[in-house]
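Colleague: Could you take me through one part of this protein in detail? I would like to hear about the largest nonpolar core and what surrounds it.

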Amino acid sequence: MEVWMILLLIVCCIFMEGLFLALIPWLQRRHECFSVTVPASAQADPRLRTLKQRYTILMVVLTLVLSVVVSAASLAGDSLSTLAGEIRFVILLVGGALGLCLVSFVVMLAFRKKVQAIKAAEGWRATSSRVSAAVSEGDIPQAISLKWNLAYLPVILMSGVLGAVLYDSMPDMVAMNMDLSGNVSNWTPKSPSVVVFPLAVQAFIAACFVFSHWSISRSKRPLDPSAPAASALAYGMFARAQSIYLVAGGLALAAVLGVVFMLSSAEVIGLGVAAMMVMAVAMLLVIGAVGISVVYGQAGSRVFVRLQGEDLILADEDAHWKLGVFYFNPEDPSLFLPERFGVGWTVNLARPAVWAIMIAGVVITVGFVVGISLLVG
């Protein structure tokens, strides 16, 4: 049964990723198409719509084919209970996920060139400049306060209390890991570190989600010069919805991780059941994230879907988006800003502070992994 559940997880992960990637062209802001600035009215151009349809069809077909191939390859060869089988499974899962992203990027670049050619042929360029600013920001929705992240403290505390209560009932050797067939493959002697381990994981997850929340609150707020009030409101609703979901999702994941680990350590539930519970919550969070993306669109682009498009291009930042997805603008003081092709936020690679943050993130992550390994090793 565990093997089929694992294969189902593979298919679900790849399918949800592929579905999200297939929808991206339809979720972008009205002045953008395959990371190229175009007039809002050009979204109705049959040539651009055909490119978006071809991209979506290609990604859906590739997703279905890859799901079948990965599932079949996982069942072939060595058993999933062997080390070779586990390695093959991980390679297939990670390779499939990265492969979808790579294909999406390559196809985007190919279609981006086509849109650029259409843009040049039609003479779509910024012939005028209009600067807009949102007034009365107090009336515009924003990301919720970072204070909401203090809710992680009682979640971690309750997990610690549960671990202390169950500590005496834990066996002398606590199961820490299992293979893909559900057989326990790693044990550790019972000690206070068994209780500290999930608390450390919860704290790390909380730190990651809090940083993401902070980056949203510090992000550049894009405005459409042709509709400044509407675009400001749409982006504010988008940022608020994403921040609420981020806090709620992070708390749910941290809580489930803490509870199921303590219960499995005390053998109240099996390690396999605990793993599937965590996977189920993670999958629900992914589904929810895709749902929010479809409802709001990138930066709130779908909030006012009937907003009339214009033939003018009032702002064109194509030169600052390298390969369509990497933003590099030394004159922009912003560290974070909405993505150009995707749903969410990215960074301004021209800012030294961004590189310092990324390096610090890598160092902290590596330190956390090493520390956890020593804690329960």
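Modeller: Happy to; here is a walk through that core, with a little about the whole chain first. Please keep in mind that this is a predicted model, in which local features need pLDDT of at least 70, side-chain atom pairs count only at pLDDT 80 or more, and totals for chains, interfaces and linings use all residues. Residues are numbered from 1 along each chain as its sequence is written, and side-chain values use heavy atoms, with hydrogens and water left out.

The protein chain has eight helices and eight strands, which are DSSP runs numbered from the N terminus (helices: H or I, at least four residues; strands: E, at least two). Of its 377 residues, 41% are buried, meaning under 20% relative accessible area with a 1.4 Å probe, protein chains only.

Now to your core. A nonpolar core is a set of buried Ala, Val, Leu, Ile, Met, Phe, Trp, Tyr and Cys residues joined through side-chain atoms within 4.5 Å. The largest one has 23 residues, and those with the most contacts inside it are Phe34, Val38, Leu48, Tyr55, Val115 and Trp124. Helix 1 (2-27), helix 2 (46-75) and helix 3 (83-122) are the elements that give it two or more residues. Helix 3 supplies the largest share, six residues.

Tryptophan 124 deserves its own look. Leaving aside neighbours within four places in sequence, tryptophan 124 is in contact (heavy atoms within 4.5 Å) with Val38, Pro39, Ala42, Asp45, Leu48, Ile118, Lys119 and Ile313. Apart from this core lies another, of 20 residues, including Met170, Leu253, Val260 and Ile372.

How values were computed. Buried means under 20% relative accessible area, exposed over 50%, partly exposed in between (1.4 Å probe, protein chains only).
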